[in-house]
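Here are a few friendly exercises, each with a worked solution. Take a look at what is shown below, then try each task before reading on.

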Amino acid sequence: MEHRKTKLIISVILIMTASCNEPETVVTNIVHADGSVTRRIEMRSTENKFDISSLQVPLDSTWIIKDSLEINASDDTVWVKRAEKMFAGVGEINMAYRSDSGANKDISRHAEFRKKFKWFNNEYTFSEIIDKKMKYGYPVREYLNAEELKWFYSPSNVNEEKKNGPDSLEFRSFSDTVEKKLEKWYIKNIVSEWIGEFASLTGEKVNNEMTQKSLKLRENEFVNIVEKNLEHFDTLWQNGTLLREFIGEANAVKYKNEADSAANMATDRFWVSFKPYTVRAIMPGKLTGTNGLIDSAGLLLWPVNSDFFLTEQYKMQAESKIPNIWAWIVSGLFLVFVSTGILKKMRPSQK
Amino acid sequence: MMKTTEESDRYKKILELMRSSRPDLARPEEIVNEVIKRIQHGNRPTDRISDFIGSLFGWIYIGWVRNSLVAAAAVMVSLFIYQQALILKQVNNISRQQVMTGIEPIPGSMTGFDNKLTIYKFSNKLSPSGDIKISEKQLEMILESYDNLRSKYKNLIRIIEEDPELKRYIEGKLDANKKYKPDI
């Protein structure tokens with residue numbers, strides 16, 4: 001009973017955080033061999049409210065848009081907006097990203113397409129890239145091992161399903177481990193960002209103890225102070241206690257403004273204004289490589305969350321190949337020609 | 001050059017000798033016809049093809065051309081084998097990749113929720129865009145109840161793990177719960 005209650009409360013909290021009225025959005029890029037991309041967007045919402053300002057990806061009147069009302073698996077009515085547009089190349093997609101006025105307009109995103117001629121095959125690479133937010137952060141791979149990284153980059157509901165399925169205890173304990181490590185990563189990133197910004201704001205007017213290098217050497221010490229005082233961080237920061245511990249009494253008074261500005265910059269970058277969505281891709285020819293997930297329909301999939309591009313560029317990449325039939329034929333004929341010649345040359349000498 | 005002139009002179013002499021000593025032919029028309037027939041026979045397509053093939057494969061008698069073409073063919077075969085093996089390896093890697101079945105992914109990071117909530121204590125802002133604003137007191141209440149919940153949850157997990165019978169019972173119940181879907 002207690003367990004059920006716990007699950008229920010957790011679910012309520014999770015639902016509270018997950019549903020901020022933004023539609024659940026899936027963007028599908030159908031990449032063509034000539035570099036053009038058919039982009040499809042599917043947005044699902046419990047309300048018929050699809051304001052441009054609340055959309056995760058650029059969408060305007062030039063798209064072919066269809067609205068419908070559907071019943072989902074839980075028998076709830078869902079408003080679905082489907083939009084499609086053909087882009088002549090990634091340049092057009094990037095232009096749309098640059099002029100985006102939606103919910104994720106503050107995020108720098110772009111797409112890349114590359115075609116390589118390799119005689120027997122043509123190689124195609126398509127990527128959607130989101131630039132990192134924090135300037136001085138640490139890559140998450142320094143904190144998580146391969147298995148934990150897989151968990152980190154998996155869609156949240158896939159992980160939730162594992163936590164509630166068979167071996168649930170094992171998965172929950174694993175999830176707790178990942179979360180603890182991530183907590184450390186978050187704190188370290190904020191401290192590192194603060195040091196970086198503080199050093200750049202104070203510039204050269206500081207003494208030797210306050211240079212970026214010397215502050216960086218004490219980074220772990222700062223992290224420990226923050227972890228120790230996490231419960232009352234806000235109050236301790238406001239009254240200057242933490243800053244005094246970091247840089248000493250005199251410096252704390254002298255550089256209070258710079259320290260506050262640096263803290264604001266660090267938290268602004270940490271609290272990315274971003275609404276998550278999912279990216280899918282369909283590549284031309286045979287799929288040969290990807291860093292994404294593969295769903296039951298064989299489509300590539302990447303969940304997009306703010307944590308993924310907090311300290312590193314988030315690159316969703318897929319590679320595929322199409323055989324050049326004409327090159328195969330030409331090569332075959334050439335081989336027949338050369339081997340016939342060689343046989344012809346060998347025959348008289350055999351006589 | 002000298003040799004060619006000598007041969008030419010000898011040829012002319014033989015020709016003159018043959019002209020001067022003509023044989024006595026009974027039916028010269030037949031010979032004419034035979035000559036014409038042989039000339040026609042010489043221009044047949046099969047001979048032209050063999051001539052063409054002969055000239056096409058003329059390179060086999062030129063060492064450096066022959067070696068270059070053999071080398072080019074070897075490079076082509078190697079390239080083909082390498083490319084196809086690489087593709088096969090990549091495709092195998094992809095097919096080994098975990099396929100998500102039966103779950104429609106919902107965007108949104110919920111696993112890092114508690115971490116972020118903890119980190120939230122760093123800042124007065126819940127959302128930089130200013131969409132959601134709650135008072136500090138409300139936030140403290142959420143954090144407090146969340147921490148409470150977390151510690152109770154951890155205790156519960158610990159109790160379950162320490163008691164194998166209870167663990168089996170809970171897992172059995174969870175399995176049964178999964179199989180039974182109420183019509184709500």
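**Exercise 1.** Find which residue of β7(A) stands opposite Ile30(A), and then place β1(A) among its neighbouring strands.

*Solution.* Start with β7(A), residues 277-282: there, Ile282(A) is opposite Ile30(A). This is a predicted model, in which local features need pLDDT of at least 70, side-chain atom pairs count only at pLDDT 80 or more, and totals for chains, interfaces and linings use all residues. Residues are numbered from 1 along each chain as its sequence is written, while chains are lettered from A and ligands numbered from 1 in the order in which they are written.

Next, look at the pairing: β1(A) and β7(A) run parallel and are joined by five bridges. Strands are DSSP runs of E with at least two residues, helices are runs of H or I with at least four, and both are numbered from the N terminus. Two strands pair if DSSP finds at least two bridges between them.

Now turn to β2(A), residues 37-45, which runs antiparallel to β1(A) and is joined to it by eight bridges. Here Ile30(A) has Thr38(A) as its bridge partner. Five residues lie between the two strands of this hairpin, and Gly35(A) has a positive phi near 95 degrees.

Finally, consider burial: a residue is buried if 20 or more other C-beta atoms, placed from the backbone, lie within 10 Å of its own, exposed if 12 or fewer, and partly exposed in between. Six of the eight residues of β1(A), residues 24-31, are buried, so the strand is largely enclosed by the rest of the structure.

**Exercise 2.** Describe how α4(A) and α5(A) pack.

*Solution.* First take the geometry: α4(A) (residues 156-164) and α5(A) (residues 168-202) meet at about 135 degrees, and their axes are 6 Å apart. Axes are lines fitted to C-alpha atoms, for helices over the stretch in contact, with angles from 0 to 180 degrees between N-to-C directions.

Then classify the angle. Under 35 degrees is roughly parallel, over 145 roughly antiparallel, 65 to 115 roughly perpendicular and the rest oblique, so α4(A) is oblique to α5(A).

**Exercise 3.** How does the span of α4(B) agree with its number of residues?

*Solution.* The expected span is 1.5 Å times one less than the number of residues. For the 34 residues of α4(B), residues 63-96, that should give 50 Å, and the end C-alpha atoms are 49 Å apart, which agrees. As for cover, zero of its 34 residues are buried. Across the 184 residues of chain B, 7% count as buried.
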